[in-house]
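Open your viewer and get your selection tool ready. We will go from stop to stop, selecting a few residues at a time.

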Amino acid sequence: MAEKPHLPAKPEPADRFSSRPQSASALLALQELLINRYGALKTRLARRLGSQEWAEEALQDTYLRLNGAELTGTVRNPTAYLFRTAFNIALNRVRADQRRLSAVEVEGLLHIADEAPDALQIFEGRSDIARLGAILARLPARQRAILLASRVEGASRLQISKRFSISVSMVDKELQQAQEYCATRFGWKKI
């Protein structure tokens with residue numbers, strides 16, 4: 001024998017003094033049917049949903065929803081109506097749960113490393129840029145221009161050779177000397 005649901009107390013039946021609409025008696029009849037056929041509905045719903053818990057929750061929500069609902073029209077097959085209502089409630093709950101992040105996903109988001117530089121890194125970076133600017137200022141003008149054309153502008157060695165009217169090998173030599181000068185003054189190992 002199926003256990004009776006843990007449902008709230010039944011509302012008082014409508015009487016001739018009640019201000020409830022005509023559909024109130026039909027809703028009471030549906031609630032009574034749900035209580036009487038609870039075991040069969042739960043079994044069928046659990047089979048369809050794959051979970052006894054989901055079926056129980058859906059049927060309890062259905063009972064509560066019937067308490068505050070209004071029917072428009074007639075219900076031709078009350079058992080099917082109750083099943084469809086409970087099934088739709090369960091589906092809506094499953095869809096809502098799927099949209100939410102799991103505890104593991106939330107925990108993972110909380111531990112994402114912040115790759116933005118902190119204040120100290122920003123200060124050190126600006127200090128390094130200022131220091132490099134001072135070192136570049138001490139380079140001979142042509143070496144500085146070749147180094148900036150190559151490393152900042154991304155110009156090819158051929159383009160630089162045409163710009164300065166020198167050979168490609170001379171561009172390589174000037175570029176090498178400029179880089180070594182900067183690396184030595186900056187304290188880097190040779191490039």
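**Stop one: a charged pair**

Select R142, which is partly exposed (20% to 50% relative accessible area, with buried meaning under 20% and exposed over 50%; 1.4 Å probe, protein chains only) at a relative accessible area of 34%. Before going further, note that this is a predicted model, where local features need pLDDT of at least 70, side-chain atom pairs count only at pLDDT 80 or more, and totals for chains, interfaces and linings use all residues. Residues are numbered from 1 along each chain as its sequence is written, and side-chain values use heavy atoms, leaving out hydrogens and water.

Now add E174 to the selection. E174 forms a salt bridge with R142 (a side-chain nitrogen of Lys or Arg within 4 Å of a carboxyl oxygen of Asp or Glu), and their closest N and O atoms are 2.6 Å apart. Because R142 sits in helix α7 (residues 141-151) and E174 in helix α9 (residues 168-186), the pair ties together parts that are 32 residues apart in sequence. Helices here are DSSP runs of H or I with at least four residues, numbered from the N terminus. Is E174 buried or exposed? E174 is buried, with a relative accessible area of 11%.

**Stop two: more pairs**

Next, select R157 and D172, whose side chains meet in a salt bridge (2.8 Å, N to O). R157 belongs to helix α8 (residues 157-164) and D172 to helix α9, so this pair ties together parts that are 15 residues apart in sequence. R157 is partly exposed at 44% relative accessibility, and D172 is partly exposed too, at 31%.

Move on to D61 and R93, another salt bridge (2.4 Å, N to O). D61 lies in helix α3 and R93 in helix α4, so the two tie together parts that are 32 residues apart in sequence. Add E57 as well: salt bridges that share partners join E57, D61 and R93 into one network. The whole structure holds six salt bridges.

**Stop three: the nonpolar cores**

Select L30, L34, L41, L45, L59 and L82. In the largest nonpolar core (buried Ala, Val, Leu, Ile, Met, Phe, Trp, Tyr and Cys residues joined through side-chain atoms within 4.5 Å), these touch the most other members out of 21 residues. Helices α1 (23-36), α2 (38-49), α3 (52-67) and α4 (78-99) each supply at least two residues of this core.

Finally, select L136, I146, L147 and C182, which are included in a second, separate core of 14 residues.
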